[in-house]
Amino acid sequence: MTHAGSSTNRRALPALCLVFAVIVAMCAIGLRLASSLDVANRSELQPIRGLVQNAPRVTVSGKAGRKLHIMILASDGAHHLTQDDLTADVPALMDLKSGDHVTAYVRHDSLGRNLDWLWVLKRGEVTLLSYEDTYNYLQRRNARIREIAWWAGTLSVGLFTVAAILRKRFGAWRVPCLG
């Protein structure tokens, strides 16, 4: 049933399902690929030694989620260390105080932002955050992302199937009679 002035009808449903199937499939593929981008090898990490400028803080953003931020002043300038909020798993991170001497192992941000992704943090000789802590956290998070990507892929296949069924039902794929 169409309304006056409306250009959509039942025959548009298959195309709509197909469009959504493609969008959801692209999201599934993007999530799957992006889930592995955050993981760094130990060989990629660079040391930064310096003083904590102010107490660590956690920010919450709808786009980026919960992020931990630590500002470090090193001999080569200020560094903005960030990572997902690991304070539930590693509460000692919040014990840092301004003036603490730390050594951090980071991966520099590849997108040109002035960020260093924190992987290891030591205060003096005490390791507050180990590579394994960060790696295990990211593996758990990535497992959830891969599960969401799998369900999105399943939804995409379902939408494509519905599009094919509706297209066949409305006769768009039938051979017209010639005579």
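**Strand contacts and the largest pocket**

His101 is in contact with Gly50, Leu51, Lys122, Arg123 and Gly124, leaving aside its neighbours within four places in sequence. The model examined here is predicted. His101 lies in strand β5. Its relative accessibility is 47%, so His101 counts as partly exposed. The C-alpha atom of His101 is separated by 6.5 Å from that of Val52. Along the chain, His101 and Val52 are 49 residues apart.

Val52 has its place in strand β1, which covers residues 46-52. Val52 counts as buried because its relative accessibility is 1%; the cut-off for buried is under 20%. Residues up to four places away in sequence are not counted among the contacts that follow. Val52 touches Met71 and Ile72. Val52 also touches Leu96, Lys97, Ser98, Gly99, Asp100 and Val102.

A further pair links Val52 with Thr103. These two residues are 51 positions apart along the chain. Their C-alpha atoms are separated by 9.9 Å. Thr103 is found in strand β5, the strand that also holds His101. At 12% relative accessibility, Thr103 falls under the 20% cut-off and therefore counts as buried. Beyond its neighbours within four places in sequence, Thr103 is in contact with Ile48 and Arg49. Val120, Leu121 and Lys122 are also in contact with Thr103. Lys122 appears among the contacts of His101 as well.

Strand β4 holds another buried threonine, Thr82. The relative accessibility of Thr82 is 3%, which means that Thr82 counts as buried. A polar atom of the Thr82 side chain lies 3.0 Å from the backbone oxygen of Leu68. Leu68 is also listed among the contacts of Thr82, once neighbours within four places in sequence are left aside. Lys67 and His69 are in contact with Thr82 too. Further along the chain, Thr82 is in contact with Leu115, Asp116, Trp117 and Leu118.

Two of these contacts of Thr82, Lys67 and Trp117, recur at the largest pocket. This pocket has a volume of about 750 Å³. Its lining consists of 25 residues. Asp38, Lys67, Arg113, Trp117 and Arg141 lie nearest the centre of the pocket. By class, the lining has nine nonpolar, six polar and 10 charged residues.

Both helices and strands contribute to this lining. Helices α1 (13-34) and α2 (131-169) each supply at least two residues. Strands β3 (65-74), β4 (77-84), β5 (101-108) and β6 (116-123) each do so as well. The largest share comes from α2, with four residues.

The overall architecture gives the setting for these details. The protein chain comprises two helices and seven strands. From the N terminus on, the elements run α-β-β-β-β-β-β-β-α. The chain has 179 residues, and buried residues make up 34% of them. Contacts with a separation of 6 or more were also examined. Of these, 58% are between residues 24 or more positions apart. The accessible surface of the protein chain comes to about 11500 Å². Carbon and sulfur atoms account for 60% of that surface.

Methods:
Residues numbered from 1 in each chain as written. Predicted model: local features only at pLDDT ≥ 70, side-chain atom pairs only at ≥ 80, totals over all residues. Heavy atoms only, no water. 1 Å grid on protein atoms, 1.4 Å probe; cavity = no way out; pocket = protein on both sides within 12 Å on 5 of 7 lines; lining within 4 Å. Points joined across faces, edges and corners; volume = space filled by probe spheres on them. Nonpolar A, V, L, I, M, F, W, Y, C, P; charged D, E, K, R; others polar. Buried < 20%, exposed > 50% of the residue type's maximum accessible area, 1.4 Å probe, protein only. Polar contact = N/O pair within 3.5 Å; in protein donor to acceptor, adjacent residues only side chain to side chain. Contact = heavy atoms within 4.5 Å. Areas by Shrake-Rupley, 256 points an atom, 1.4 Å probe, with all protein chains shown as cover.
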